[in-house]
Amino acid sequence: MYRIFIVEDDEQIGNVLNRTLEKYGFDAKCAAEYSNIVTELEAYAPNLVLLDINLPYFDGYYWCRQIRKSSNVPIIFISAREGEMDQVMAIEHGGDDYITKPIPLDLLMAKIKGVLRRVYGEYADTSTLAPPDSELRVEGLRLNLSCNELVWKQEKVVLTKNEQLLAECFMQHSGRTITRDQLLEVLWDKAEFVDDNTLTVNVTRLRKKLEELGLPQVIVTVRGLGYKLLLETEDEKQLNEQELHL
């Protein structure tokens, strides 16, 4: 049974969502403590989060960023805000989808089922992604898929969901050019629904995380095409250093 965590401070709406989800066979729980959403979420360990934007203490964008520091759980924003920029911000802060209030329950259920199928069920991409408890390794760089950590030597950083998806793609195709359209599809399935600048922002953030590990300039821009990950082996590094001294 999939668990769905509802972060909605309107008690009436929260109760309607809870009853509807349980009617469709889900285990649902409404947030009770809005000053510490992450702690409550981690205790419940949901498979999906419904997240309002207007909340006490901090807004939904803030909590989405906090969740993404430790979890890749799918997040669907639910909000009365209908502006295009609100939807763009929801995606840029780590959300997977967005639905406006008043909430059409049939549409919401379709979105929830679609996300769950894509992430956990029949549409999950098992051909290219490693199992959740495994690691990807490229020339000493390790990506731990179970805890969203990127590790290099004795240093490690925690990645957001989008940063991890990009890191996975770069490491699986190390040394090869990946187009911007391919990377957009990795992040959001359909590139036409995402501002191209959003990809640039996420690549920049991943580059900064790699720099924190001591790996500057390993994601190279291929002008007019996209990007590629270039990691030198120890032998290549020693050879390049020798050539510099010739």
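**Exercise 1. Is Val119 buried, partly exposed or exposed, and where does its side chain take part in a patch?**

*Solution.* Val119 has a relative accessible area of 32%, so it counts as partly exposed. The model you are working with is a predicted one. Next, find the residue along the chain: Val119 lies in helix α5, which covers residues 105-119. Finally, look for its partners at the surface: together with Tyr2 and Tyr120, Val119 makes a nonpolar surface patch of about 230 Å².

**Exercise 2. Find the cis peptide bond that joins Lys101 to a proline, and say where that proline lies.**

*Solution.* Start with the omega angle: between Lys101 and Pro102 it is about -5°, and the bond is cis. Then place the proline: Pro102 lies in the loop between β5 (97-100) and α5.

**Exercise 3. Which residues form the positive surface patch that includes Arg65?**

*Solution.* Begin with Arg65 itself, which lies in helix α3 (residues 60-68). Its relative accessibility is 36%, so Arg65 is partly exposed. Now add the other members: Lys69, Arg205 and Lys208 form the positive patch with Arg65.

**Exercise 4. Describe the surroundings of Asp10.**

*Solution.* Take this one in four small steps.

1. Place: Asp10 sits in the loop between β1 (3-7) and α1 (11-23).
2. Exposure: with a relative accessible area of 34%, Asp10 is partly exposed.
3. Contact: a polar atom of the Asp10 side chain lies 3.2 Å from the backbone nitrogen of Ile13.
4. Distance: Asp10 and Leu55 are 45 residues apart in sequence, while their C-alpha atoms are 9.1 Å apart in space.

**Exercise 5. Tyr57 and Glu139 each have a positive phi without being a glycine. What are the phi values, and where do the two residues lie?**

*Solution.* Treat the residues one at a time.

- Tyr57 has a phi of about 70°. Tyr57 is found in the loop between β3 (48-52) and α3. Its relative accessibility is 63%; the cut-off for exposed is over 50%, so Tyr57 counts as exposed.
- Glu139 has a phi of about 50°. Glu139 is found in the loop between β6 (135-138) and β7 (141-144). Its relative accessible area is 41%, so Glu139 is partly exposed.

Notes. Residues numbered from 1 in each chain as written. Predicted model: local features only at pLDDT ≥ 70, side-chain atom pairs only at ≥ 80, totals over all residues. Heavy atoms only, no water. Patch = residues over 30% accessible without salt bridge, like charges linked within 9 Å, V, L, I, M, F, W, Y side chains within 5 Å. Areas by Shrake-Rupley, 256 points an atom, 1.4 Å probe, with all protein chains shown as cover. Salt bridge = Lys/Arg side-chain N within 4 Å of Asp/Glu carboxyl O. Lys, Arg positive; Asp, Glu negative; His and termini not counted. Charge placed at Lys NZ, Arg CZ, Asp CG, Glu CD. Helix = DSSP H or I, 4+ residues; strand = E, 2+ residues; numbered from the N terminus. Buried < 20%, exposed > 50% of the residue type's maximum accessible area, 1.4 Å probe, protein only. Polar contact = N/O pair within 3.5 Å; in protein donor to acceptor, adjacent residues only side chain to side chain.
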